[in-house]
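Welcome! Below are some exercises with worked solutions, meant to be followed with the structure open beside you. Try each task before reading on.

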Amino acid sequence: MIGRDVTGSKPIGTSARLAMALLGGSMLAGVPVEAIAQDGTEPAAPAPATVAAPQADVIRTITIEGSQRLEAQTILSYIRLRVGDPYTQVAADQALKDLYATELFSSASVRNDGGNVTITVVENPIINRIILEGNKRIKNDKIVPEIKLSPRQIFTRSKVRADVARIIELYKRQGRFAATVEPQMVQLPQNRVDIVFEIHEGPKSKVRQINIIGNEKFSDGELRGQMVTKQARLTRFFSSGTSYDPDRLAFDQQKLRQFYLTEGYADFRVVSAVAELTPDKKDFIITYVVEEGERYKFGDVKVESQLRDFDGEKMTQNLVLKKGQWYNAKSVEDTVEALTDLAGNFGYAFADVQPQFTRNKDDLTMDVTFVLREAPRVYVERVDVNGNTLTQDKVVRREFRIAEGDAFNALQVKRTTSRINSLGYFQENFQVDQKPGSQPDRIVLEANVEEQATGELQLSAGFSSLESFILAASIRQRNFRGRGQTIGANVNYSRYSKSVGLSFAEPYLFNRNISAGVDIYRKDYNSFNYLNSSRNTTFQQSTTGISARLGVPLTEYMSLIGSYTFNYDQVTLDPNTYYYDLDGDGVSTCEPLLAGRYLCEAIGNRTSSILGLSLIYETLDSRYRPTRGRTVSVSAEFAGLGGSERYARFRAKAAQYFPLGGGFIFSLSAEGGHIIGLKDRYDQSGNAIDKVRLTDRFFLGEPQIRGFDIRGVGPRVLRQPLISDGNGGYTVVTDRNQVADDSLGGDTYYLGRAELEIPLGSGAKELGLRPSIFIDAGAVFNIKAPTLITACTFPNGCQLPQRDGNGNSLYREQTGTDTSGNPIYTITTNPLAADGVTANTQLFTTIAPFQEVFLGNTPKPRVAVGFGVNWNSPFGPFRIDIAKVLLKAPGDDTKTFTFNVGTQF
């Protein structure tokens, strides 16, 4: 390796870099190699260069030579030789030892010339800079703080050895036990040096094998499953638990003990745990020696209360633990926690619950007595909010369910913690700290928050099986000006939808517990039709609207929200495709033969003035990713206070989350809705039709119910082509790729879902993988059957006269022949030829024969099961679902595989 000069730009020959005999050696796998010199021995201090002198010599002068930075008097202060003292070999040797002990000198010698003593020294160099080479896995900003040497310090061998040891220890904590560090020194002018730490990181040391000796009741595999450390296998490529960590080894011993204690083995102990590094220093082999002992059952279990508000006998009767059950230390801990919480709910913040054990080895039982020791009832002395630099104090304080001067209540403190966590402004797993107050019956509640970024600026691009390519941009501040307000704007664009919106929300209007919000938006949708697996983009709906809402709490967990929404909807069909001048009056209208009556009925402009009211009950521990609790909501909307539309819509939703332990989360959810049209509607022929417009109905499919395509469930009209069977009859084409599929939605729907989120190892968790299995069931139904088209029958189909732009019928007129005798035709609006007698041929557009069928209008449940994976990938959120439909109705459109992915940048 080539050295460098002080500027770092001019290379220095390898001869300028010393072999580091003075640096004290390198380290391998954390073991110091003290021998640094070429012959493998520690360089000894130079032998004193003394000159024989008579014992009677008296020191007359002491001269210091070779010093550059240190004054002579300073050097003399380090030794014991003084003018007038007798000079002896012992005194000279002690002087050398004293000089080397200061670690300021690389060499020193003492010479006596008839009482004239000369001390020659070579000072240790000054460090110019510290250089790291070869480190890739651990960056400089992680290593530099571990190095105690720094520029402008005096170089010493002991400090270099200590820094090498610290760097090695840093790599050991990363699981790289084969790492080596070789310190090198580059000589510079003016007695300066560069210190270079050459780092050879080596591979990460894995756990090759975990051996367990002494286990009889449980297999090795069961016990390994309890450990955080895992054996390195190909299936655990992403797991971080396969690397060796001494701290993890100690933790695994505790995990083994916890497992055995929950199974009743109260005498279990880990005799030894040894980790052996393989000769190639790549892997570890861990061996545990255990003693299982005997299995115990619970004996007498009771509660003794020294608190006046609690009756020990009644509490004993309500305990979950019963005599005769297998002993379980986790159940004992849970009981202690439950009793502590119970006491806290009655104001005993510092209640001390002590379980006392009596082991009966004769009958292998464990008696447990839970003692509630005497404690004073506690009142809240003060509430402190610390760490908030942007967020105003009142934003945090208004989430407290307990005030200064109130009696302490643990349940209210927990509720406060949940509410502050749900804000999303602070660190995860925030907890309200409880500190003793100025008196034994006083407590101080502290909210020590760590603020997180609440502003979001996101640009994303992705692909969805629903929307094809997606582009989105949004900006949102969830804690605007530190007041807890939310303000945002968003723009979304895909092949089939576009939207733009502005929003503002105030959770505490005028500092009162009243929430308010307003949204302004424009949404453009198309693709209500499928043909040949493609979404028909000729049906378009544009909605421009504004929505305002006010919410008030009724109880701690229940709130009432009122809203007003005004929408202006424009629904159009492509006139060049679906419009036709049937009457010849020059005015084109929607032609049912081309579009279907149900689509023709939906077109037009209309306004909706909607009043809404929602009742919400919520006990979730988090609104972002709940693991326990429930939410229930009931809402009603009425359109008709102005506007052109009149209907009443009702919805209800409920969800419950259950933590099952071990990271498993089970959830149940259900929802349903019904809409009632309050205005009679008629088609172009004057026939009564469904009172609810197509665009106001409920639709089901992907993503609401997995296993089905978008709007793949419920009432629909299929236009099926009729083709000749070759025998004078016809065959109905049922291939969905050749059938026009128009989903009509329904006036009523219901949907239920059960889902189990499955935990993975720590490595997969670090990657953000969250798999789940699910079952979905639902249906949408209850509409008036549409009038189907029956005119285009086999074999002729149906014909529409061709017209010009003024509504005149078009005819084909023969005006002559060409040189080959072939007739020449022209297009005219005159039904007669030029001779006024011959009739011209009228032109028609022929529509191939088809039949329309109305399907899916049934409340019969559609059921699908499957599994999915959520992945918070480096490229953005990713969701994949694979579902199998168990129950469906004729006409439903199924879909096995769906995915969505977005890229953030």
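**Exercise 1. A closed space**

How many nonpolar, polar and charged residues does the lining of the largest cavity have?

*Solution.* Before we start, note that this is a predicted model, in which local features need pLDDT of at least 70 and side-chain atom pairs count only at pLDDT 80 or more, while totals for chains, interfaces and linings use all residues. Residues are numbered from 1 along each chain as its sequence is written, and side-chain values use heavy atoms, with hydrogens and water left out.

Step 1: Fix the term. On a 1 Å grid over the protein atoms alone, a cavity is a set of points where a 1.4 Å probe fits but cannot get out, and a lining residue has an atom within 4 Å of a point. Grid points are joined across faces, edges and corners, and a volume is the space filled by probe spheres set on the points.

Step 2: Find the cavity. The structure holds 2 cavities of 30 Å³ or more, and the largest has a volume of about 50 Å³.

Step 3: List the lining. It is made of E645, R646, Y647, K679, R681, K691, V692, R693 and D696.

Step 4: Sort by class. Ala, Val, Leu, Ile, Met, Phe, Trp, Tyr, Cys and Pro count as nonpolar, Asp, Glu, Lys and Arg as charged, and the others, Gly among them, as polar. The result is 2 nonpolar, no polar and 7 charged residues.

**Exercise 2. A residue with distant partners in sequence**

Find which residues E601 touches, not counting residues up to four places away in sequence.

*Solution.* Step 1: Locate E601 in helix α13 (residues 597–602). Helices (H or I, at least four residues) and strands (E, at least two) are DSSP runs, numbered from the N terminus.

Step 2: Look for its contacts, meaning heavy atoms within 4.5 Å. Beyond that sequence window, E601 touches R681, D683, I689 and R693. Two of the names, R681 and R693, also appear in the cavity lining of Exercise 1.

Step 3: Compare sequence with space. E601 and L694 are 93 residues apart in sequence, yet 8.3 Å apart from C-alpha to C-alpha.

**Exercise 3. An open pocket**

Which element gives the largest share of the lining of the second largest pocket?

*Solution.* Step 1: A pocket is an open set of grid points with protein on both sides within 12 Å along at least five of seven lines. The second largest has a volume of about 1,200 Å³.

Step 2: Of its 27 lining residues, N421, N429, D621, S622 and R625 are the closest to the centre.

Step 3: The elements giving two or more residues to this lining are α10 (410–423) and β22 (468–480). The largest share, 6 residues, comes from α10.

Step 4: By class, the lining divides into 6 nonpolar, 12 polar and 9 charged residues.

**Exercise 4. The largest nonpolar core**

Which of the residues in the largest nonpolar core touch the most other members?

*Solution.* Step 1: A nonpolar core is a set of buried Ala, Val, Leu, Ile, Met, Phe, Trp, Tyr and Cys residues joined through side-chain atoms within 4.5 Å. Buried means under 20% relative accessible area, exposed over 50%, and partly exposed in between (1.4 Å probe, protein chains only).

Step 2: Of the 25 residues in this core, the answer is F298, L307, Y327, F370 and L372. Elements giving two or more residues are β15 (297–305), α8 (329–345) and β17 (365–372), and α8 gives the largest share, 5 residues.

Step 3: Take L307 as an example. Not counting residues up to four places away in sequence, L307 touches A343, Y348, L372, R373, E374 and A375.

**Exercise 5. Strand partners**

With which strands does β38 (residues 716–724) pair over 4 and over 6 bridges?

*Solution.* Step 1: Two strands pair if DSSP finds at least two bridges between them.

Step 2: Over 4 bridges, β38 pairs with β40 (residues 740–743) in the antiparallel sense, where V717 has D742 as its bridge partner.

Step 3: Over 6 bridges, β38 pairs with β48 (residues 850–855), again antiparallel. There, P721 has F850 as its bridge partner.

Step 4: β38 also forms a hairpin with β39, with 5 residues between them, and G726 in the turn has a positive phi of about 85 degrees.
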